[in-house]
Amino acid sequence: MKKIFTLALSIAATASLSAESIKIFKCTEDGIPGQTEPELMGFSISANGQYICGTIQAGAGGFSADTQSGIVNWMMADEVGGEFRGINNEGLAIGFLDDDGVKVPFGTLEAQVLKAPSGVRSILGESLSDDGDVMVGSFTEDSFNVIAAYSANGSDWKKLPMPSDAELGNLKEHLNDMSAAKFVSGDGKVILGHLGSFTFPVIWILNEAGEYEPDFFPARYVKGTDEDVTDDSKELLGMSAFYTCMSNNGKYVGALGTISDENFGLRVVPVIYNTEEKTLKIYKEPQEIDYLNLGLYPRAIADDGTFIGMIGVSLIDGSGCFIMRAGEETAELFVDAFPAYAETFGACDEVGYSVPTGISADGKKILCYTFYSDDLYGGDDPAYYVTYVIDTDANGVEEIKSAYDQQMHDAVYSIDGRKLQGITKGINIVRNSDGSVKKILK
């Protein structure tokens, strides 16, 4: 691991008359990351909405950012690459750099390697609880099998148990012996992951004895064999684990289901599993916004059950971002629900370039990234990834002043070594009273 950077950034903001604003994170003032600083692809937002994290340069390293101060930190990997996959309310991120699973605090950006137990090649960190005591991810064993794992209260990493054959039911024949853990609830009591190679989702719930028990809920709803075709209690023909999400309170799990349509064809629909009531809601009614029948793919879900996602999943087939509000049966396009978003990223949304990836526990902040250009159709300006946060509880044009502008520094120098009176526009070399030195781009 190498090349650790800290930047104090202004956050560009665009707003309409609606109660909503857009905070756009860019790593250069000319808005072209990759020229001097990396592109940002945001993957996760903390439950309180203050911190975000993700990857830089599409997998070259990891970044985290404080949405209040506008400070972005990132780390370049040496060889294989890296990503920060999850982040908690204190700014502690988890992910991987090269062959090491890591957790990285926002303040110091000092990566702590997640030590793998004997017989394990590496650990991939995916998510952590609000207090950071419970971490989840997966092992890569010496046999190259990938196994769901967790660490609680500083203990060694342990495997999460596989469901019994009885719990797997008729879906057993579709699975191999691999698994992974992807999300953990804020209190650490519920874990969401998948069995096989993203074949089916599965959850683990902490019991009174302090052990995680699997709940393989797809077995109760998916037709796994020819004999299941006549079982009316199983409404789904499939349930993919490739796109899943879980609310911070652990109550709601979002996934992608497949049903038979009126013409005996296949249709992809979002499904929401209630882990407390152990019920599944299937959004079977056709959605007017899904006019190409690509399907609504859930990507993140709030504590009240509001979820966001994409219509379709690829740059070719994507047809916009949507929000399904709690208690509603009809989804809205972002361009209809958020006027400031429509003004700023509407063109990107139309061609499927915007990807929603996270939502705060209260549903008021939405994290996305997009492949963006100031002239998307003109072709003269370069396109690049930017990360942005939709704040549904804000209004008006917002300018966030960097926290670095308010700090007292021992000395500030220009890039050519001239001592300055304070932070100025451009690159600043800052020496603090504790002897640390940072590069700051204003």
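How much accessible surface does the protein have, and what share of that surface belongs to carbon and sulfur atoms? The total comes to about 19,400 Å², with 47% belonging to carbon and sulfur. Keep in mind that you're looking at a predicted model. Here's a quick tour.

**Overall build**
- Strands are everywhere here: the protein has 34 of them, along with three helices.
- Of the 442 residues, 55% are buried.
- Take the contacts between residues at least 6 apart in sequence: 46% of them join residues at least 24 apart.

**The largest pocket**
- Rolling a probe the size of a water molecule over the atoms shows where empty space is left.
- The largest pocket has a volume of about 1,200 Å³.
- Its lining is made up of 45 residues, and the ones nearest the centre are Phe 43, Arg 85, Phe 183, Arg 299 and Thr 357.
- Seven strands, β4, β8, β12, β16, β20, β24 and β28, each give two or more residues to this lining.
- β20 (238-246) provides the largest share, with six residues.
- Sorted by chemistry, the lining has 26 nonpolar residues, 13 polar ones and six charged ones.

**Cysteines**
- If you go hunting for disulfides, you'll find zero in this structure.
- Cys 368 is in no disulfide, because the nearest cysteine sulfur, on Cys 321, is 5.8 Å away and a disulfide needs the two sulfurs within 2.5 Å.
- Cys 368 counts as buried because its relative accessible area is 0%, and the cut-off for buried is under 20%.
- Cys 53 is buried too, with a relative accessibility of 0%.

Notes. Residues are numbered from 1 along each chain as its sequence is written. This is a predicted model: local features need pLDDT of at least 70, side-chain atom pairs count only at pLDDT 80 or more; totals for chains, interfaces and linings use all residues. Side-chain values use heavy atoms; hydrogens and water are left out. Helices (H or I, at least four residues) and strands (E, at least two) are DSSP runs, numbered from the N terminus. Buried means under 20% relative accessible area, exposed over 50%, partly exposed in between (1.4 Å probe, protein chains only). Contact means heavy atoms within 4.5 Å. Accessible areas come from the Shrake-Rupley method with a 1.4 Å probe; for residues, only the protein chains shown count as cover. On a 1 Å grid over the protein atoms alone, a cavity is a set of points where a 1.4 Å probe fits but cannot get out, and a pocket is an open set with protein on both sides within 12 Å along at least five of seven lines; lining residues have an atom within 4 Å of a point. Grid points are joined across faces, edges and corners, and a volume is the space filled by probe spheres set on the points. Ala, Val, Leu, Ile, Met, Phe, Trp, Tyr, Cys and Pro count as nonpolar, Asp, Glu, Lys and Arg as charged, and the others, Gly among them, as polar.
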